Amino acid sequence: MLLEMRGIRKRFGGTQALDGVDFNVDRGEVVGLIGENGAGKSTLIKILAGVHQRDAGEILWDGQPVIIRTPADAQRLGVAVIYQELNLTPNQTVAENVFLHHPQLRPGVLGALGFVDRARRERETRALLEQLGIHNLDPNRKVGELSVAYQQLTEIAKALALDAKLIVMDEPTSALPDEEVQHLFEIVHRLRARGLGVVFVSHRLNEVRAICDRVVVLRDGRNAGALPIHEATDERMIALMVGRPIENLYPKRPAQPGDVVLEVQGLRRRGVLHDISFHVRAGEVVGLAGLVGSGRTEVARAIFGADRLDGGVIRLHGKPVTIRSPQDALRLGIGYVPEDRKVQGLVLGMTVKHNTALAVLRQLALGGHVVRWSAVDALAMRFAQELHLRPPRVDLPVNALSGGNQQKVVLAKWLAAQLKVLILDEPTRGIDVGAKAEIHALIDELAHRGMAILMISSELPEVLAMSDRILVMCEGRLAGELSRAEATQERVLALASGKTLEPVVNR
Amino acid sequence: MSTPVLAEKKSPEAEPTPALWRRVLQRPETSIIILLLLLGLVLAQSSEAFLTPSNLFNILRNNADIAIAALGVTLVIIAGGIDLSVGSTMAFSGLVAAMAVSLGGTTAYQLPSFGLPPAVAFALGVLAGALVGAINGFLVVKLRIVPFIATLGMLGVVRGIVVGLTSGQTVRNFPIEFTNLGQGFIGPVPVPVVFMVTLAVIVGLFLAFHVWGTYIYAIGGNETSALLTGLPVSRIKWLTYVLCGALAGVGGVLVVARLGVSAPTQALGYELYVIASAVIGGVSLAGGRGTVLGAVLGAVLIGVLNNALVLLRVESYWQQAFTGGIILLSALIDRLRQRRS
């Protein structure tokens, strides 16, 4: 065994984050590490990376007990961790980043003084990239100018430069466009063929199935089980993660579409959106699919007044409206749940009740000025109960809640505003399976109550299962529309990648 | 409402609300009060003069202007901005009020003096401060200059205007009704202290109960989210700068009334004390956090400390170094407090 972790325990304040976890990786093996948020995946990885110290348990490396006190210790052993937030210096070149930790020095006195042999560094970087099968990345490009996918490759090359024997990838695909995911998988295969161990942490079960040899599931800081990949069905993985079978991840009732509520015609924004036209009816969930960067979020932001438009008409109930700011949109009854709730959707330091009431504070105030906090409390309590907020406390700061419950607060804010149109941007990204089902049920319920819903999602199963119709975008244009009946993963992907006929390989 | 799809998941153990005393103990205001009590204890031991009502009221009187300006800066900082121009604004407002109210004629300077009623002069001074604030707000909100740079520039510009207008001379000769604003008493309480308490209560109520107060916290906590929630972000940010300028204006006029003179170097470097008051009081420079009570207590602490230095016969030249040290100390305490929670 390359790595054996035995009986690892770790406590943070009052929470036992890890309670005797075992975890092994062998050479040439790709191990999937899955579990809900708070199951202990990150803690386990951080102990391996030397960021946290274990309270108890032992770590064997090549059969020898080792102590990893600092990230430098982990590096010396040959552990490289590629975090979701990449660890690169954006203003330096690929080569500089790859050899940041052990610069390629010049021979002789200059080298002794710390001068770098740039030509050699460039050569070696190129060689490392070649080993990964990457031929089109210039080592002299600044990292900040690269796409996330290439930044990730730079990190992997950096790991190889450090002679890593085990590479841990924490949610490596979450920021990647779909076509890049396949590329990453090829690189993982190469790493495995070279005899490296790879730990693949992901929420996306289909990817885990596609790339891993074995899956280890954590729950509440313990080993919930391990599955060889041929036994790892979605149902079994979810059951292990959640601790009980989920009956229905996508509770969707057939829609009873009413009148057209939102209609956009010829929406244009130079270089971003080209002639976008569609409509959403009351009681309907319209999915907006497409690759990352295809303009989905831009459509949402344009309708919501967050970005300027160069042309196009937006109609509400048939009447043309002018939306210059989110304030205008809100006044007209259009709400937007942004893709990154922590950065855009919530004021994390404020309490649940503050966040819930923020959009309607004026209506809750005497004369529009003096806030009636009792009314705010009552409103927040009502939504906390309706949405099954856990814990059901409205005076907690929202950063104390789990991702799923934070998303409920964002939704509560817009429910309180009594909207006609709700635009959801990646409504369940990074949310636990259990809470995901609840959010889906909530979306279904809102549609049933007559709201017109536009849902952007990168998760194809979610789009397919939750939408009544699916709009597919490609490079700033609407590539096509599919009804619920005719939509399949292949068809959506084909439209999204600009193809019209030939089916795309199912990942 | 939604048909429950899942068996109820065991809820994450609802952490009980910590006991009241624990929450009070964790407030930044509490640490200041404790620090004040300790300091008072030491001072009472070493100097008989300290624990007399007149000395205590004097400390408050001498720092009321800083506390009042700190109220304004608190609003700006909570909304995620900063105003470095408060010292200059105070001097400018003071000068405007001084010229308006001055009876003139004492020295040979050519500055106009209008002999207006004190109430009018006071209002003009506050208005002048609000004008500086409005320009700050314009620079930040409309021209999108980073607040630090915009107000640093205004610090220089406004101070330069004050020096330029006066050619370095002072304005004096005020009617007693005006100097009473700084030197007089209402009952046993110095007039500036009455101003301080009244304004603190008003600003405190504004933050706690006015819709805009909550908006200010929300904008400072997460501006993007506030924008996407449809809040009038630009208007509110502008408002904080205008209020900050106006409150600095009140402080500036009170300084002139207290000293009986408007000098071009007045309130020079006060931005240090004003911002320090807010920060010591737990107003987070990252935005979104802080209270009026904290800012006022911060100003009082700085006042007591300066008084202590005088009573302990530390040369006044050293005072600024001590104030700077207190800022660092409070920042450290804030950090420790945050790490614990």
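A residue is called buried here if 20 or more other C-beta atoms lie within 10 Å of its own. With that in mind, a good place to begin is strand 20 (residues 452-456) of chain A in this predicted model. Strand 20 of chain A is mostly covered, since five of its five residues are buried. The side chains of the strand face two ways: A:Ala452, A:Leu454 and A:Ile456 point to one side, while A:Ile453 and A:Met455 point to the other, and all are buried.

Strand 20 of chain A has partners in strands 13 and 19 of chain A. Strand 13 (residues 285-290) of chain A runs parallel to strand 20 of chain A, and four bridges join the two. Within this pairing, A:Leu288 has A:Ile456 as its bridge partner. Strand 19 (residues 421-425) of chain A is also paired with strand 20 of chain A in the parallel sense, here over five bridges. In strand 20 of chain A, the residue opposite A:Ile423 is A:Leu454.

One residue of the strand, A:Ile453, deserves a second look. Leaving aside residues up to four places away in sequence, A:Ile453 touches A:Glu284, A:Val285, A:Val286, A:Leu422, A:Leu424, A:Ile443, A:Leu446 and A:Ala447. A:Ile453 also appears in the largest nonpolar core, which has 262 residues. Together with A:Ile167, A:Phe200, A:Val492 and B:Ala69, A:Ile453 touches the most other members of that core. Helix 11 (residues 233-259) of chain B gives the most to this core, with 17 residues. In soluble globular proteins, nonpolar side chains tend to be buried together.

Chain B also offers a helix pair to examine. The axes of helix 8 (residues 191-209) of chain B and helix 13 (residues 292-311) of chain B come within 9 Å and cross at roughly 150°. Angles over 145 degrees count as roughly antiparallel, and helix 8 and helix 13 of chain B are therefore roughly antiparallel to each other. Helix 8 of chain B brings B:Ala200, B:Val203, B:Gly204 and B:Leu207 to the contact, and helix 13 of chain B brings B:Val292, B:Leu293 and B:Val296. Sorted by class, this contact has six nonpolar residues, one polar residue and no charged ones.

Finally, the two chains meet: 28 residues of chain B are in contact with 42 residues of chain A. On the side of chain B that touches chain A, the elements giving two or more residues are helix 9 (211-221) and helix 10 (223-228) of chain B. The residues on this side of chain B comprise 14 nonpolar, twelve polar and two charged.

Key:
Residues are numbered from 1 along each chain as its sequence is written. Chains are lettered from A and ligands numbered from 1 in the order in which they are written. This is a predicted model: local features need pLDDT of at least 70, side-chain atom pairs count only at pLDDT 80 or more; totals for chains, interfaces and linings use all residues. Two residues are in contact if their C-beta atoms, placed from the backbone, lie within 7 Å. Ala, Val, Leu, Ile, Met, Phe, Trp, Tyr, Cys and Pro count as nonpolar, Asp, Glu, Lys and Arg as charged, and the others, Gly among them, as polar. Axes are lines fitted to C-alpha atoms, for helices over the stretch in contact, and angles run from 0 to 180 degrees between N-to-C directions. Angles under 35 degrees count as roughly parallel, over 145 as roughly antiparallel, 65 to 115 as roughly perpendicular and the rest as oblique. A nonpolar core is a set of buried Ala, Val, Leu, Ile, Met, Phe, Trp, Tyr and Cys residues joined through C-beta atoms within 7 Å. A residue is buried if 20 or more other C-beta atoms lie within 10 Å of its own, exposed if 12 or fewer, and partly exposed in between; C-beta atoms are placed from the backbone. Two strands pair if DSSP finds at least two bridges between them.
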